[in-house]
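Please open the structure in a viewer and keep the selection panel at hand. The tour proceeds from one selection to the next.

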Amino acid sequence: MSGNSGIANYGGRMEISQSAVGHGASVTVSADPENPPQHASHADVGVITITPEEANAVRNILGLRPTRNGDLPFYEGTVHIRDTTIRIAAFRALSQGQRSAVMAFDHLRRHYNPAVIVLTGIGGGIHAKAAVGDVVVATRVVYYDLRKETPDGTRRRGEEREAPSAVGHAVNSFFTDHGEPATFQAAHDNGDTRDFLVRTGPIGSGETVIADAESEIVRYLKAYNDKVLAVEMEAGGLTQAFHEQDGPQAVRGWVVVRGISDDASESKNDACRDIAARHAATVLRSLLPYLPVCGP
């Protein structure tokens, strides 16, 4: 019976799967949802920046190189510190604010599947212990923009999120080793070196650029928690993206590192943005070996 092809069964049970018979036959096998394919690129830590000063500081201090993943520009590299090797992928968000931070988180998660994502850059100090040039490492974020507008004024409904305990323990270990506040030193492009302090504490996050030390938002945050150290505009989006993620590529933790570039007052200006961004990136590099990047 030449020229014929097929399968014949003359009794009994037969089961055929992922097979093809006949001239030109083919089989398409779908991916196993419980065993997703490995990423072509993988990072232990993902880093989100917003401004060019922040992106340049991270690139230079961590020694990253530019690359592309699809149509998106990333920076990749490997940091060797304290007998630890950590793979880094960094991404600069499209614009400032919570929405772009959510998308930056998703881009890093899909393309690199990092264990921890760090948001680093600059912020405004609203506490006496957060001086210009100092750095705040935050595992608690108060999102202040939920509110109700009434004839009697604005009623804010702050929402606080905290990083997973593994990240909290990592930050505690960092400060155990370095002291609290920790004293750091950073070298700058002009050859100067500067000492600065590093503290941990909650930060406020919303969509507002604050240039009034007595603003209603600052008063609200101080009443909400008198230990809130700084304000910025992206950490709320980071924590929301982490909270709502799902699937096998889930990030296991987050942390925010903010260099204080101004005091959120009417004298706010851009003079210290480079310094603050560089200080934040310097602290990030020292924090890397403490982060929980190994598998559970």
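A residue is called buried when its relative accessible area is under 20%, exposed when that area is over 50%, and partly exposed in between. By this criterion, both Phe74 and Tyr112 are buried. The model under inspection is a predicted one.

**The whole chain**

Display the full protein chain, coloured by secondary structure; six helices and 15 strands should appear. The chain has 296 residues, and 48% of them are buried. Its accessible surface amounts to about 15700 Å², with 45% of that area belonging to carbon and sulfur atoms. Among the contacts with a separation of 6 or more, 75% are made by residues 24 or more positions apart.

**Aromatic pairs around Phe74**

Next, turn to the aromatic side chains. A search of the whole structure yields seven aromatic pairs. Select Phe74 and Phe91: the ring centres are 5.0 Å apart and the planes stand at 40°, so this pair is classed as tilted. Phe74 belongs to strand S3 (residues 72-81) and Phe91 to strand S4, so that the pair links distant parts of the chain, 17 residues apart. Phe74 and Phe91 are both buried.

Keep Phe74 and add Tyr112. How are the rings of Phe74 and Tyr112 arranged? Their centres are 5.0 Å apart and their planes lie at 65°; because planes over 60 degrees apart count as edge-to-face, the pair is given that label. Since Phe74 is in strand S3 and Tyr112 in helix H2 (residues 98-112), the pair ties together parts that are 38 residues apart in sequence.

**From Tyr112 to His42 and Asn113**

Now select His42, in the segment before strand S1 (45-49). Leaving aside residues up to four places away in sequence, His42 touches Arg87, Tyr112 and Asn113. Is His42 buried, exposed or partly exposed? With a relative accessible area of 35%, His42 is partly exposed. A C-alpha to C-alpha distance drawn from His42 to Ala89 should read 8.1 Å, although the two are 47 residues apart in sequence.

Move on to Asn113, in the loop between H2 and strand S5 (116-125). Its phi is near 50°, a positive value in a residue other than glycine. Asn113 has 19% relative accessibility and therefore counts as buried.

**The cavity**

Switch on a cavity display. One cavity of 30 Å³ or more is counted, and the largest cavity has a volume of about 50 Å³. To outline the largest cavity, select Thr49, Ala55, Val58, Arg59, Leu64, Tyr75, Ala90, Phe91 and Arg92. Helix H1 (52-62) and strand S4 (84-92) are the elements that give two or more residues to this lining. By character, the lining residues divide into six nonpolar, one polar and two charged. Phe91, already visited as a ring partner of Phe74, is one of the lining residues.

**Further along the chain**

Select Phe174, Phe175, Phe184, Phe196 and Tyr290, which ring pairs link into a cluster. Then select Glu180 and Pro181, which are joined by a cis peptide bond with omega about 0°. Pro181 is in the loop between helix H3 (165-178) and strand S11 (182-187).

Finish at Ala264, in the loop between strand S15 (253-262) and helix H6 (273-287). Ala264 has a positive phi of about 55° although it is not a glycine. What is the relative accessible area of Ala264? The value is 1%, so Ala264 is buried.

Definitions and conventions:
Residues numbered from 1 in each chain as written. Predicted model: local features only at pLDDT ≥ 70, side-chain atom pairs only at ≥ 80, totals over all residues. Heavy atoms only, no water. 1 Å grid on protein atoms, 1.4 Å probe; cavity = no way out; pocket = protein on both sides within 12 Å on 5 of 7 lines; lining within 4 Å. Points joined across faces, edges and corners; volume = space filled by probe spheres on them. Helix = DSSP H or I, 4+ residues; strand = E, 2+ residues; numbered from the N terminus. Nonpolar A, V, L, I, M, F, W, Y, C, P; charged D, E, K, R; others polar. Buried < 20%, exposed > 50% of the residue type's maximum accessible area, 1.4 Å probe, protein only. Contact = heavy atoms within 4.5 Å. Areas by Shrake-Rupley, 256 points an atom, 1.4 Å probe, with all protein chains shown as cover. Phe/Tyr/Trp six-rings, centres within 6.5 Å; stacked < 30°, edge-to-face > 60°.
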